[in-house]
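Reader: I am new to this structure and would like a close look at a single part, the place where helices pack against a sheet. Please take it slowly.

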Amino acid sequence: MTTVIERFLHYVKFDTQSSEETNVLTTPGQFKLADTLVEELKALGLDDASVDEKGYVLAHLPANTTKHIPPIGFIAHLDTSPDMPGKDVKPQLIENYDGGDIVLNGDNNIVLSPKDFPELLNYRGKNLITTDGTTLLGADDKAGIAEVMTAIDYLQSHKEISHGMICIAFTPNEEVGRGADYFDVQRFGAEFAYTVDGGAIGELEYENFNAAGAKVKVQGRNVHPGSAKGKMINAILLAQEFIMKLPTDETPANTEGYEGFYHLTDIQGNVEETILNYIVRDFDINSFKRRKDDLQQIINDLNEKHGAGRFSIEIKDQYFNMKEKIEPVKHILENAEKAMNEVGVVPDIRPIRGGTDGARLSFMGLPTPNIFTGGHNFHGKFEFIPTFALEKAVDVIIKIVEIYTAK
Ligand SMILES: [Zn+2]
């Protein structure tokens, strides 16, 4: 058997950065990794492994018992974040970490320090895999891929473990929010699934934000400033009036846990026309609706004050909290929790202050909570992963399979 660590170190060598450009279906690097994984899945005996033209890898490990067991899915994503280079990743193995500073890159003085990342201290005496300070590591989500592959490898070399059908998917473009776009839930064939894409060991997530984007357009009237009295309407200043109407403490920088926010992401504008782009986030569906209503109300009030049509708003829902789709099938969560406990991992259930592909899949009919990969500091050069966490994630996947067989 190839170990999860060997697999992980192999996969991070592929540059699979996704692209924000929406006309790019997927990137060549993602295809390369996809092809490699298909070969590997076939070598493991998953004969139907394939990659489609959109870059989705699907494979099925058939049941090896006639007992009725629901088909379980495991999903990880091929791409890494466009925010940080993922080419020529040179992972470093830090053995028996002593709790001190880790010099990632002496030339550039890049240091991974427990002063900045106190969670490092949880890993004293463990082996860590870090970057060389010039790229991200790609534990997000190549750790997930390595863990799923290794669990399959284990099941194939331990045929005495009986299991139902196991459905595997490796998806493209997760980091640019398009990982679920062409996911074929039917062909995948699972009754429910887990994305293996979380952070620190123990993480288990089934609640995420409800999300919308709001575009506010302010129409001004430009005239020569020398003769503007009573005539000019400055859209920038009106936009500022809109901004000031929103609660100043309900921003990403002022909220945590289950608190929602309005986030002004960018402004483009001049005297004639100014556009504000917001994202709106809330866990509770009612207060999410209330936030959207409040935005509309502010627009109505300002139009009353400044004249009809001066302000307009376009609000688009982006994704919803998967909680409502998971709660009716809570066994998915409870069994993941049980699996963790049985392999000696303390479950850490927390809300995701963002969205996941699993959230979208849950609304496409495939309930999909998220479990840990073991990695930290995703999307940056300080990304690292303890090797024992990689191994524990494999154990959790195998244990989930066993629990459903035993039920
Ligand atoms: Zn991820």
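Which strands does helix H5 (residues 235-245) lie across, and at about what angle does it run to E13?

Author: The model is predicted, so that local features need pLDDT of at least 70 and side-chain atom pairs count only at pLDDT 80 or more, while totals for chains, interfaces and linings use all residues. Residues are numbered from 1 along each chain as its sequence is written, and side-chain values use heavy atoms, with hydrogens and water left out.

Helix H5 lies across E11, E12, E13 and E14, and its course makes about 15° with E13. Helix H6 (residues 285-306) also packs on the sheet, where it touches E11, E12, E13 and E14 (contact means heavy atoms within 4.5 Å), and its direction makes about 170° with that of E14. Helices (H or I, at least four residues) and strands (E, at least two) are DSSP runs, numbered from the N terminus, and angles run from 0 to 180 degrees between N-to-C directions of lines fitted to C-alpha atoms, for helices over the stretch in contact.

The sheet beneath these helices is open and consists of 4 strands in the order E12-E13-E11-E14, with antiparallel pairing (two strands pair if DSSP finds at least two bridges between them). Strand E12 (261-269) and strand E14 (311-319) stand at its edges with a single partner strand each, so one side of each has no neighbour in the sheet. On average, neighbouring strands are turned by 20° against each other, direction ignored. Within the sheet, strand E11 (residues 210-219) is joined to strand E13 (residues 273-282) by 10 bridges in the antiparallel sense, and Gln 219 stands opposite Glu 273 in E13.

For the setting elsewhere in the chain, strand E2 (residues 57-61) has 5 of its 5 residues buried, so the rest of the structure largely encloses this strand; buried means under 20% relative accessible area, exposed over 50% and partly exposed in between, with a 1.4 Å probe and protein chains only. Both faces of E2 are covered, with Val 57, Ala 59 and Leu 61 buried on one side and Leu 58 and His 60 buried on the other. E2 pairs with strand E8 (residues 166-171) over 5 bridges in the antiparallel sense, and there His 60 stands opposite Cys 167 in E8. E2 is also joined to strand E1 (residues 50-51) by 2 bridges, the two running antiparallel, with Leu 58 as the bridge partner of Ser 50.
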